[in-house]
Amino acid sequence: MGKRVLVVDDAAFMRMMIKDILTKNGYEVAGEAENGAKAVELYQELKPDVVTMDITMPEMDGIAAVKAIRKMDPEAKIIMCSAMGQQLMVMEAIQAGAKDFIVKPFQQERVLQALKKVLG
């Protein structure tokens, strides 16, 4: 069975794109969330191997969600997803404990590279 991934993005289209890349490459989509609060809840429930986390979301942003998840599980593996021009937020996310980041629009190769790196 493939590694289990929690996909977090407020845009259904982006979740669909990343889920498509994951399933085509042998990963299992454990669940999906449209905001950071839901992501924290689902992380606790599903215990995925890795999380792809959007930065800018309503209710709770990706950086706050990374901090919350890492507080629960210091070993959590989280890959940030950001739009171009969010370098400062990406740096903040890495400092909060994210392991890598990918830029939208998602390039399949880059997504897979980030997953391999983070999952070892």
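Reader: Which residues of helix α4 are buried?
Author: Helix α4 covers residues 87-96, where helices (H or I, at least four residues) and strands (E, at least two) are DSSP runs numbered from the N terminus. A residue is buried under 20% relative accessible area, exposed over 50% and partly exposed in between, with a 1.4 Å probe and protein chains only. The buried residues of α4 are V90, A93 and A96.

Reader: What arc around the axis do they cover?
Author: The arc is that of the directions from the helix axis to the C-beta atoms. These residues lie on the same side of α4, because they cover an arc of only 120°.

Reader: On what basis are such statements made, and which exposed residues does the face of α4 turned away from its buried side carry?
Author: This is a predicted model, in which local features need pLDDT of at least 70, side-chain atom pairs count only at pLDDT 80 or more, and totals for chains, interfaces and linings use all residues. Residues are numbered from 1 along each chain as its sequence is written, and side-chain values use heavy atoms, with hydrogens and water left out. The face turned away from the buried side of α4 carries the exposed residues Q87, L88 and Q95.

Reader: What do the buried residues of α4 pack against?
Author: Contact means heavy atoms within 4.5 Å. The buried residues of α4 pack against one helix and two strands, namely α3 (62-72), β4 (78-82) and β5 (100-103).

Reader: In what sense do β4 and β5 pair, and over how many bridges?
Author: Two strands pair if DSSP finds at least two bridges between them. One such bridge joins S82 to its partner V103 in β5. The pairing of β4 and β5 is in the parallel sense, over 4 bridges.

Reader: Which residues of β5 point to one face and are buried?
Author: In a regular strand the side chains alternate between the two faces of the sheet. Along β5, F101 and V103 point to the other face and are not buried. The residues that point to one face and are buried are D100 and I102.

Reader: Is S82 buried or exposed?
Author: S82 is found in strand β4. Neighbours within four places in sequence aside, S82 is in contact with I55, V90, I102, V103 and K104. Because its relative accessibility is 2%, S82 counts as buried.

Reader: With which side chain does K104 share a polar contact of 3.0 Å?
Author: K104 is found in the loop between β5 and α5, and at 14% relative accessibility it counts as buried. Not counting residues up to four places away in sequence, K104 touches D9, M14, D54, C81, S82, A83 and M84. A polar contact is a pair of N or O atoms within 3.5 Å; within protein, one must be able to donate a hydrogen and the other to accept it, and residues adjacent in sequence count only if both atoms are side-chain atoms. The side chain joined to that of K104 at 3.0 Å belongs to D9.

Reader: How far apart are the end C-alpha atoms of helix α5?
Author: The expected span of a helix is 1.5 Å times one less than its number of residues. For the 12 residues of α5 (residues 108-119), this span should be 16 Å. The end C-alpha atoms agree with it, being apart by 16 Å.

Reader: Which residues of α5 are buried, and what arc do they cover?
Author: The buried residues of α5 are V111, L112, A114, L115 and V118. They lie on the same side of α5, because around the axis they cover an arc of only 160°.

Reader: What do the buried residues of α5 pack against?
Author: The face of α5 turned away from its buried side carries the exposed residues E109, K116 and K117. The buried residues of α5 pack against α1 (12-24), β3 (50-54), β4 and β5.

Reader: Which element gives the largest share of the largest nonpolar core?
Author: A nonpolar core is a set of buried Ala, Val, Leu, Ile, Met, Phe, Trp, Tyr and Cys residues joined through side-chain atoms within 4.5 Å. Of the 24 residues in the largest core, L6, V8, V51, M53, I69, I78 and M80 touch the most other members. Elements giving two or more residues to this core are β1 (4-8), β2 (28-33), α2 (36-46), β3, α3, β4 and α4. The largest share, 5 residues, comes from α2.
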